[in-house]
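This report describes one protein chain, moving from the whole chain to one of its strands, then to its empty spaces and two residues in loops. Keep the structure in view while reading.

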Amino acid sequence: MPHPTTGVSRRAVAKAATAAGLTALLGTRATAARAVTRLGPRTLDLSVSSAALGRSAPVRLILPSDFETRTTRTYPVLYLLHGAHDDYTSWTRETDIEAFTEGRELIVAIPDAGPTGIPTAWRSGPDYETFQAEEIPALLARDYRASGVRAVAGVSTGGYGAMAHAARHPGGFAAAASYSGILDTTAPGVPPLVDAIVARENLPPLSLWGNPVLNLLTWRDFNPRARAAGLRGTGLYVSSGSGVVGGSGDWLPEALESALWPSAHGFTDTLARLGIPVTTHYYTGGGHSWEYWKREFTASWPMLARALGVPE
């Protein structure tokens with residue numbers, strides 16, 4: 001069972017609102033939605049022209065049920081980040097997030113993170129961190145009445161992104177949740193795993209953060225564990241399975257889950273040393289798949305809802 005800790009303070013929510021508001025008002029990167037495709041009564045896809053990416057990229061939005069009728073109301077935003085070798089459609093394809101958020105009076109934003117799903121500033125390439133943590137919030141505040149109160153959750157490399165964004169933008173997110181995320185990028189065995197994700201998409205091997213030895217300071221700068229102090233005051237949820245140990249025999253997703261198990265523990269151990277509360281759910285077996293991530297999202301929802309100020 002998850003181990004509950006203290007709830008999100010009003011101060012954390014206020015900090016999130018202030019940070020996002022300043023981003024919207026003072027951000028220097030112009031971001032515009034070039035095209036909107038309506039997929040349903042509440043769901044639409046935006047094609048966003050991004051200076052940080054140097055191109056247009058998609059963002060899927062799920063709007064509140066009363067968005068069209070309560071035209072002066074502002075709404076908190078839940079950002080959902082996809083994993084490696086997937087895309088911005090994954091959360092609506094794999095979960096019932098549209099039905100789940102019906103009547104809960106929040107905006108759901110599912111931004112693109114590229115083919116690797118690693119939402120960071122690449123050494124040789126696009127800056128997905130700025131796109132997700134600055135440009136999209138500014139766009140939503142300007143065009144979709146986002147209030148500035150934000151929470152972020154992600155699976156796999158998106159779980160990395162959730163904790164990295166919150167740690168590298170202190171106070172920018174009221175809560176962050178990671179499901180099977182890569183939470184210590186310099187832990188033994190993790191750099192080769194990250195390099196394999198990059199290589200699978202036929203991208204240059206050092207284009208992410210460079211060489212993990214020669215460019216160790218860069219790898220540490222983007223490492224959620226190394227930046228954990230920035231998470232103080234943020235509501236946190238971390239879940240991960242042991243994978244092969246106690247698993248069912250589906251070896252590939254279980255082996256991947258096993259590889260990330262020590263990384264997650266190292267991250268939450270660091271939070272404990274810093275005195276930063278976190279709700280953890282470490283479970284026996286499990287695989288690196290939506291079967292488990294859907295369950296973990298539901299388990300983390302009360303924490304996310306409190307941070308966003310919406311009904312559980």
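## The chain as a whole

The chain exposes about 12,700 Å², and carbon and sulfur atoms supply 56% of that area. The model is predicted, and its local features are described only where pLDDT is at least 70. The secondary structure comes to 9 helices and 9 strands. Of the 312 residues of the chain, 56% count as buried. Among the contacts in the chain with a separation of 6 or more, 72% are made by residues 24 or more positions apart.

## Strand 5 and its partners

Strand 5 covers residues 107-111, and 5 of its 5 residues are buried, so the strand is largely enclosed by the rest of the structure. In a regular strand the side chains alternate between the two faces of the sheet. Both faces of strand 5 are covered. On one side are Ile-107, Ala-109 and Pro-111, and on the other are Val-108 and Ile-110, all of them buried.

Two strands pair with this one. Strand 3 (residues 55-62) runs antiparallel to strand 5, and the two are joined over 4 bridges. Within this part of the sheet, Leu-61 has Ala-109 of strand 5 as its bridge partner. Strand 4 (residues 75-81) pairs with strand 5 in the parallel sense, over 3 bridges. Here Leu-78 stands opposite Val-108 of strand 5.

## Pocket and cavity

Rolling a probe the size of a water molecule over the atoms shows where empty space is left. A search of the whole structure finds 2 cavities of 30 Å³ or more. The table sets the largest pocket beside the largest cavity.

| Space | Volume | Nonpolar lining | Polar lining | Charged lining |
|---|---|---|---|---|
| Largest pocket | about 480 Å³ | 13 residues | 6 residues | 2 residues |
| Largest cavity | about 50 Å³ | 5 residues | 2 residues | no residues |

Which residues lie nearest the centre of the largest pocket? They are Ala-84, His-85, Arg-200, Leu-256 and His-288, out of a lining of 21 residues. Helix 6 (190-200), helix 8 (251-274) and helix 9 (290-308) each supply at least two residues of this lining. Helix 8 gives the largest share, with 5 residues.

The largest cavity is lined by Ile-118, Thr-157, Tyr-160, Ile-182, Thr-185, Val-194 and Trp-209. No charged residue is found in the lining of this cavity, whereas the lining of the largest pocket has 2.

## Two residues with positive phi

Two residues in loops are worth finding in the view. Arg-145 has a positive phi of about 55° although it is not a glycine. Arg-145 sits in the loop between helix 4 (128-143) and strand 6 (146-155).

Ser-156 also has a positive phi, of about 55°, and is not a glycine. Its loop lies between strand 6 and helix 5 (157-168). Is Ser-156 buried or exposed? A residue counts as buried when its relative accessible area is under 20%. Ser-156 has a relative accessibility of 9%, so it counts as buried.

Definitions and conventions: Residues numbered from 1 in each chain as written. Predicted model: local features only at pLDDT ≥ 70, side-chain atom pairs only at ≥ 80, totals over all residues. Heavy atoms only, no water. 1 Å grid on protein atoms, 1.4 Å probe; cavity = no way out; pocket = protein on both sides within 12 Å on 5 of 7 lines; lining within 4 Å. Points joined across faces, edges and corners; volume = space filled by probe spheres on them. Nonpolar A, V, L, I, M, F, W, Y, C, P; charged D, E, K, R; others polar. Buried < 20%, exposed > 50% of the residue type's maximum accessible area, 1.4 Å probe, protein only. Contact = heavy atoms within 4.5 Å. Areas by Shrake-Rupley, 256 points an atom, 1.4 Å probe, with all protein chains shown as cover. Pairing = 2+ DSSP bridges.
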